Amino acid sequence: EMRAQQLLWQCLLVACAILLVVVRAHLPPHTVMTPLGPRPQQCVHHAEPSETVKSVHGGVQVLDAWGNVTRFVPAKPECVDNAHALMRRRWAAVHYAVVPEVDGWLDNVFYSVGDPTTFGKFTANYTVCPGKPSETGQYLYYFIGLTNWNDEETILQPVLAWEKNEWTFSSWNCCPSGQSWQGTTISGLEPGDTYYGDIILSDGRAIITSLALGKSSVLSVSQNNRKFQWADSTLEVYYADNCKSFPQGPFTFSDIGIYDDDLKELTAQWTTPLGTMCKGRMSTSATKVTITHN
């Protein structure tokens, strides 16, 4: 009888472990993973390279290359509420080191400027970690980003991601009218290789570009008088619940260039990074940021 009870408990423990892996590796129904976190699928949209996303009263217009409105995506209350909740969480994680779970902004440094200065260009090479994670089911987002704090908060990001067991690169903007917008996704990136991302603000538009393997992901967003005065280099993680979730070796942002709206080059004065889980650490200089775990 004692032996039978032990076997029963062992079976229950194995079943629980399997269940945890399954739950961790799968998003809830009707949910899409994004660099801000899991979002209702009706809140995530795609734009073509020739289109421009423009926030207007009541939603978002999509303009063609000639400035004609080709579609209108109305704001949905559930999307606005979800975006606000995720942004409040991000603000707490970045500014107050409040991270209730692993999920969210994990490794981050930022550089901000005040009036009258605003950013006009942010560029970097992205060198992928030399080793892949040995765990599956997690989402890792490495990016440089520009954020405005005036008017409707939004972030511009060329995002290199580990998702669905591969490295990808794509341009993102979150969250005009509570919506996440994404350019095309480039798949098949290789460990140890170097790719390029930039954000350029000109003529009332922000153009986010991710370049890899001879392909580009381009997302154009109307600036809408937003003042982008906050730059960051970040690793954001979801469903990473142990050290095997992280790749071996450093991820590197190099040849970083930050410019004001007159395209005068600035010297980034990054905040002091904090140590995080799994021996997480960041090293910084004005033109280079590395993120390492394990």
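**Exercise 1. Work out what share of the chain's contacts between residues at least 6 apart in sequence join residues at least 24 apart.**

Step 1. Start with the term: a contact means heavy atoms within 4.5 Å.

Step 2. Take the contacts between residues at least 6 apart in sequence; 67% of them join residues at least 24 apart.

Step 3. Keep in mind what you are looking at: this is a predicted model, in which local features need pLDDT of at least 70 and side-chain atom pairs count only at pLDDT 80 or more, while totals for chains, interfaces and linings use all residues. Residues are numbered from 1 along each chain as its sequence is written, and side-chain values use heavy atoms, with hydrogens and water left out.

**Exercise 2. Take stock of the chain: its helices and strands, its buried share and its accessible surface.**

Step 1. Count the elements. The chain holds 2 helices and 20 strands; helices (H or I, at least four residues) and strands (E, at least two) are DSSP runs, numbered from the N terminus.

Step 2. Look at burial. Of the 294 residues, 51% are buried. Buried means under 20% relative accessible area, exposed over 50%, and partly exposed in between, with a 1.4 Å probe and protein chains only.

Step 3. Turn to the surface. About 13700 Å² is accessible, and carbon and sulfur atoms own 55% of that. The areas come from the Shrake-Rupley method with a 1.4 Å probe; for residues, only the protein chains shown count as cover.

**Exercise 3. Describe the largest nonpolar core and follow Ile258 within it.**

Step 1. Define it: a nonpolar core is a set of buried Ala, Val, Leu, Ile, Met, Phe, Trp, Tyr and Cys residues joined through side-chain atoms within 4.5 Å.

Step 2. The largest such core has 72 residues, and Phe253 and Ile258 have the most contacts inside it. Strand β9 (residues 139–148) gives the most to this core, with 7 residues.

Step 3. Now list partners of Ile258, leaving aside its neighbours within four places in sequence: they include Tyr111, Phe119, Phe122, Leu266 and Trp270. Lys121, Lys264 and Glu265 are also among them.

**Exercise 4. Find the disulfides and say where their cysteines sit.**

Step 1. Search the whole structure for cysteine sulfur atoms within 2.5 Å of each other, which is how a disulfide is defined here. The search gives 3 disulfides.

Step 2. Take Cys43 and Cys79, whose sulfur atoms are 2.0 Å apart. Their link is left-handed, with -85 degrees about the S-S bond. Cys43 lies in the loop between β2 (37–40) and β3 (44–46) and Cys79 in helix α2 (residues 77–96), so the pair links distant parts of the chain, 36 residues apart. Both Cys43 and Cys79 are buried.

Step 3. Next come Cys174 and Cys175, joined at an S to S distance of 1.4 Å. The peptide bond from Cys174 to Cys175 is cis, with omega near 5 degrees. Cys174 counts as buried because its relative accessible area is 3%, and Cys175 is buried at 4%.

Step 4. Finish with Cys243 and Cys278, with an S to S distance of 2.2 Å. This link of Cys243 and Cys278 is left-handed too, at -95 degrees about the S-S bond. Cys243 is partly exposed because its relative accessible area is 37%, whereas Cys278 is buried at 12%.

Step 5. Number the bonded cysteines in sequence order, and the pairing reads 1-2, 3-4, 5-6.

**Exercise 5. Trace the open sheet of 7 strands from edge to edge.**

Step 1. Write down the order: β3-β12-β11-β10-β9-β16-β7, with mixed pairing. The edge strands β3 and β7 (104–112) each pair on one side only; two strands pair if DSSP finds at least two bridges between them.

Step 2. Zoom in on β9 and β16, which run antiparallel and are joined by 10 bridges. One example is Asn148, whose bridge partner in β16 is Phe228.

**Exercise 6. Compare the backbone and burial of Ser177 and Leu263.**

Step 1. Ser177, in the loop between β11 and β12, has a positive phi of about 55 degrees although it is not a glycine. Leu263, in the loop between β17 and β18, has a positive phi near 60 degrees.

Step 2. Check burial: Ser177 is buried because its relative accessible area is 9%, whereas Leu263 is exposed at 53%.
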